[in-house]
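Student: Please take a close look at a single part of this structure, the lining of its main pocket, and then follow the elements involved into the rest of the fold. I should like each term given with its cut-offs.

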Amino acid sequence: MILAIDVYYIDTRAKTVGVLFNHWCDSKSDIQSIITDYQDNVAPYQSGQFYQRELPCILSLLNKVDLNKISTIIIDGYVHLNEGKIGLGGHLYNALNKKVPIIGVAKKPFAGNSDYLMEVVRGHSKHPLYVTSVGVALTSAAKNIQSMAGKYRMPDILSYLDQQTKLFKTGE
């Protein structure tokens, strides 16, 4: 199975959502499961240290998943940053003992990391998605993101995931 993960923050709380699906071409209706996790006292954002805020949230969600059944994890962000430094996806890959391939999908460019990414243009968008990966060839990762269902820039499942993270109720 493929697991896509996203995190949304309100003040010091975070909502992490994961969606499980079987095939790259699956649509929203093919989602097998939605997993949700909430975290309190989340670290504040620090420029250049984003993973310190988001990684604990993702790892908490992964405690609810059988990683032996996961073939790939997609994150909202980068695996590689500039000059070969690792981003959130690289830190996640290391935290999982390099056992699960990670694909990072970002909407905005990151200065200086063009050697580590492929731009994927989907639909009629003039703006690419920025794909990075570890544990899977970058060309395969980009091809997989390109093949995901949806006629817009962002694949349908990833758009749906983003919507689910933002359904954040203050009482939860």
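**The largest pocket and its surroundings**

Tutor: In the lining of the largest pocket, β1 (2-10), α1 (50-62), α2 (88-95) and α4 (156-165) each contribute at least two residues. Helices (H or I, at least four residues) and strands (E, at least two) are DSSP runs, numbered from the N terminus. The model is predicted: local features need pLDDT of at least 70 and side-chain atom pairs count only at pLDDT 80 or more, whereas totals for chains, interfaces and linings use all residues. Residues are numbered from 1 along each chain as its sequence is written, and side-chain values use heavy atoms, with hydrogens and water left out.

A pocket is, on a 1 Å grid over the protein atoms alone, an open set of points where a 1.4 Å probe fits, with protein on both sides within 12 Å along at least five of seven lines; its lining residues have an atom within 4 Å of a point. The volume is the space filled by probe spheres set on the points, which are joined across faces, edges and corners. By this rule the largest pocket has a volume of about 700 Å³. Its lining comprises 27 residues, and Y45, F50, D76, G77 and Y78 lie nearest the centre. Strand β1 supplies the largest share, four residues.

One of these central residues, D76, also takes part in a salt bridge (a side-chain nitrogen of Lys or Arg within 4 Å of a carboxyl oxygen of Asp or Glu). Its partner is K107, and the closest N and O atoms are 4.0 Å apart. D76 belongs to strand β4 and K107 to the loop between β5 (102-106) and β6 (118-120), so the pair ties together parts 31 residues apart in sequence. D76 is partly exposed at 29% relative accessibility, and K107 is partly exposed at 36%; here buried means under 20% relative accessible area, exposed over 50%, and partly exposed in between (1.4 Å probe, protein chains only).

Helix α1, which also contributes to the pocket lining, has 13 residues that should span 18 Å at 1.5 Å a residue, and its end C-alpha atoms are 18 Å apart, in agreement. The expected span is 1.5 Å times one less than the number of residues. Within α1, R53, E54, L55, C57, I58, S60, L61 and L62 are buried. The cover over them includes β1, β2, β3, β4 and α2.

Helix α1 also gives the most to the largest nonpolar core, five residues. Such a core is a set of buried Ala, Val, Leu, Ile, Met, Phe, Trp, Tyr and Cys residues joined through side-chain atoms within 4.5 Å. This one has 25 residues, of which L3, I58, L62, I73, L92 and I102 touch the most other members. L92 is in contact (heavy atoms within 4.5 Å) with L55, I58, L59, L62, I73, I75 and I102, leaving out residues up to four places away in sequence. Apart from this core lies another, of 21 residues, including I2, A4, I103 and M154.

A further salt bridge, with closest N and O atoms 3.2 Å apart, joins K64 to D37. K64 sits in the loop between α1 and β4 and D37 in strand β3, so parts 27 residues apart in sequence are tied together. D37 is buried at 7% relative accessible area, whereas K64 is partly exposed at 48%.
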